[in-house]
Amino acid sequence: MNRTTLSLIAAATALAAVTGFAAVSAPDSADTTATAKSPARLPVERSSLLCPAPSTSELAETAYTSFTPAGTDGAGTGGVAELAPSAAPLDDVAADDEKKDEKDEEKDEEQTGDTAEDDKAKEPAADGTDAGVKPFLALKEPGKPVSGTKNTSDAPALVGTATGRLAPGWTTQQTTTVTGGDGRGLFGTTCTPPDTDFWFPGASTDKARQDYVHLTNPDDTAAVADVALYGKEGTLKSDTGEGIPVPARSSVPVLLSTLTSEAEPNVTVHVSTRTGRVGAVVNAADEKLGGDWLAASADPAPSVVLPGIPSDATSVRLVVFAPGEDDAELKVRLAGKSGTIVPATAAETLNVKSGMTASLDLGDVTKGEAGSVLLGPAEGAGETPVVAALRVVRGKGTDQEVAFIPATGPVTERATAADNRAKGSTLSLAAPDGTGKVKVTASAGSGGGEQVVKTYTVKGGTTQAVTPPVPQGLKGSYALTVEPESGGPVHAARTLALTQDGVPMFTVQTMPDDRGMVSVPATKEDLFVLK
């Protein structure tokens with residue numbers, strides 16, 4: 001096998017890891033010396049999403065909204081987009097294994113007589129879902145969301161695949177309302193694609209917190225994951241964080257405080273896989289502040305943006321981690337409605353030691369004006385990649401609620417947040433550099449209505465927090481899609497707020513690019529250009 005073919009396989013493998021699908025075709029002619037052209041942008045043909053088990057509370061009510069934006073050029077026709085329950089959690093798997101062991105001897109003495117048809121029935125479907133499991137949520141066409149609810153404490157994790165015209169930009173929002181108990185709050189998360197590496201600054205092993213990292217395996221073979229914890233002095237000693245098995249098509253919740261004896265209020269969690277891939281997200285519950293899901297930070301970068309701090313935030317804490325070998329010297333700025341400032345609580349640079357978690361309490365930094373935190377190298381400092389997240393609190397006294405905002409990348413082509421309601425949604429748009437213009441589309445509702453489109457211009461160095469457009473004749477929930485039109489990069493986040501018995505519950509979902517498009521060689525000949 002020649003080096004060019006090896007490179008093609010590596011490229012296809014990398015593409016499949018990101019999008020779930022990649023195909024490479026050989027050229028029709030023997031001419032492989034054509035001059036390479038600029039890569040074409042084409043829609044993905046397959047996407048995967050994983051939703052964690054929502055809650056074990058008897059008071060939990062969970063809503064799901066699934067959506068694919070319409071109008072993707074080249075997306076073709078046909079396809080499916082379905083979410084179905086994963087297999088049993090790890091505890092149930094272990095119990096089933098014990099029952100199986102008890103019956104093994106009996107089974108060995110019996111003639112099973114399994115037929116070819118029986119074996120075929122047990123095989124996974126061609127789209128990667130379990131052929132024997134009925135889909136919970138099935139999307140029918142782009143541009144029209146579908147919704148469903150689960151109001152039980154044993155609601156499972158969901159595993160899903162989208163193909164054809166439903167794959168590009170497919171997104172699903174999971175929103176759980178827990179009205180009482182230590183874990184009360186509005187828990188919102190965007191279901192994630194599987195991957196092999198995740199960073200979660202902002203977690204905790206403190207006694208007041210119950211933080212679980214949920215690991216969900218979408219594949220038909222087991223995955224093995226490592227969970228490493230980092231505190232203010234570096235690595236937290238753990239004897240159980242390595243080699244965690246995640247059975248095929250199953251979800252495993254891991255309580256972080258059981259991985260270490262060290263109680264730390266600010267912890268960075270690193271999830272990586274030795275074999276296979278998983279979806280990962282942290283469920284954080286505070287005994288006084290409620291809880292929310294903590295999504296993974298954007299990949300480590302020297303400059304990061306954390307958009308979507310509500311105007312009425314009463315407490316904001318920044319948590320940063322430097323995963324590389326170098327320390328980071330960072331300047332902390334706040335981009336508000338009228339411009340960018342250096343908060344009084346961040347007048348000096350923030351020093352982040354390599355391999356250590358640093359935190360900075362910013363207090364009520366927004367002062368009644370919604371904003372975004374901008375992190376970048378201090379003057380004269382090197383460009384050290386970091387990951388970051390915000391812990392944001394609204395309310396006072398016993399009526400407080402917490403949410404988390406991880407660093408997120410700009411919307412390069414398109415981003416979507418599903419499960420918006422007639423009231424309670426806020427869209428935050430931050431332009432850290434130059435002025436940017438974006439188009440925002442409010443889709444039809446899951447129960448009816450017509451889409452509405454509006455454009456926003458965000459001045460450089462500012463954050464614009466707006467009440468997003470609502471579909472005409474809205475019934476049900478709807479999706480918001482952001483697309484750049486001109487100017488500099490824009491970062492986006494959606495806040496969903498719900499007041500329950502005086503508690504200002506809320507959840508914030510950042511809106512990274514949906515990666516619904518991928519670059520491919522402009523011609524088949526370009527695949528085989530020899531250098």
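## Close-up views of a predicted model

**Figure 1. Pro484 on its strand.** Let's begin with Pro484, which sits in strand 35, a run covering residues 478-487. Keep in mind for this and every other view that the model is predicted. How buried or exposed is Pro484? It falls in the middle class, partly exposed, because its relative accessibility is 36%, and that class lies between under 20% for buried and over 50% for exposed. Leaving out residues up to four places away in sequence, Pro484 touches Val411, Thr412, Glu413, Arg414, Lys437 and Val438. Tyr456 is worth finding too: Pro484 and Tyr456 are 28 residues apart along the chain, and 9.7 Å separates their C-alpha atoms.

**Figure 2. Leu498 and the residues it touches.** Next up is Leu498, placed in strand 36, which spans residues 491-500. Leu498 has a relative accessible area of 31%, so it counts as partly exposed. Which residues does Leu498 touch, not counting those up to four places away in sequence? They are Thr177, Leu186, Val503, Pro504 and Met505. If you look for Ser425 as well, you'll find its C-alpha 9.2 Å from that of Leu498, although their positions lie 73 residues apart in sequence.

**Figure 3. The disulfide of Cys51 and Cys191.** Searching the whole structure turns up 1 disulfide, and here it is: Cys51 joined to Cys191, with 2.0 Å between the sulfur atoms. The link is right-handed, with 110 degrees about the S-S bond. Where in the chain do Cys51 and Cys191 sit? Cys51 belongs to strand 2 (residues 46-51), while Cys191 is in the loop between strand 9 (185-190) and strand 10 (197-203). That puts them 140 residues apart, so the pair ties together distant parts of the chain. Both Cys51 and Cys191 are buried. In general, a link like this is a covalent bond between the sulfur atoms of two cysteines.

**Figure 4. Three charged residues in one network.** Asp226, Glu242 and Arg274 are linked in a network of salt bridges. Start with Arg274 and Asp226, whose side chains meet in a salt bridge at 3.0 Å, N to O. This pair links distant parts of the chain: Arg274 is in strand 16 (residues 267-275) and Asp226 in strand 12 (residues 223-231), 48 residues apart. Asp226 counts as buried because its relative accessibility is 17%, and the cut-off for buried is under 20%. Arg274 also forms a salt bridge with Glu242, where the closest N and O atoms are 3.7 Å apart. Those two partners are 32 residues apart, with Glu242 in the loop between strand 13 (234-235) and strand 14 (244-246). Unlike buried Asp226, both Glu242 and Arg274 are exposed.

**Figure 5. Lys144 paired with Glu141.** Here's one of the 14 salt bridges that the structure holds. Lys144 pairs with Glu141, and the closest N and O atoms are 3.9 Å apart. Are these residues buried or exposed? Lys144 is partly exposed, because its relative accessible area is 46%. Glu141 is partly exposed as well, with a relative accessible area of 33%.

**Figure 6. Val320 inside a nonpolar core.** This view goes to the largest nonpolar core, which has 31 residues. Val320 is among those with the most contacts inside it, along with Leu306, Ile309, Leu318, Leu350, Leu375 and Leu390. What does Val320 touch, once residues up to four places away in sequence are set aside? Its contacts include Leu330, Leu350, Val352, Met356, Leu375 and Val386. Apart from this core lies another, with 29 residues, including Phe200, Ala203, Leu215 and Ala225.

**Figure 7. Stretches to read with care.** Across the chain, pLDDT averages 86, and 82% of the residues score at least 70. Over residues 1-35, though, pLDDT stays under 50, and the model has 44 contacts beyond four places in sequence for that stretch. Residues 88-130 also have pLDDT below 50, with 26 contacts in the model beyond near neighbours in sequence.

**Figure 8. Stepping back to the whole chain.** The chain has 4 helices and 38 strands. Of its 531 residues, 49% count as buried. Among contacts with a separation of 6 or more, 82% come from residues 24 or more positions apart. The chain exposes about 23900 Å², and carbon and sulfur atoms supply 49% of that area.

Conventions: Residues numbered from 1 in each chain as written. Predicted model: local features only at pLDDT ≥ 70, side-chain atom pairs only at ≥ 80, totals over all residues. Heavy atoms only, no water. pLDDT = per-residue confidence, 0-100. Contact = heavy atoms within 4.5 Å. Core = buried A, V, L, I, M, F, W, Y, C linked by side-chain atoms within 4.5 Å. Buried < 20%, exposed > 50% of the residue type's maximum accessible area, 1.4 Å probe, protein only. Disulfide = S-S within 2.5 Å. Helix = DSSP H or I, 4+ residues; strand = E, 2+ residues; numbered from the N terminus. Salt bridge = Lys/Arg side-chain N within 4 Å of Asp/Glu carboxyl O. Areas by Shrake-Rupley, 256 points an atom, 1.4 Å probe, with all protein chains shown as cover.
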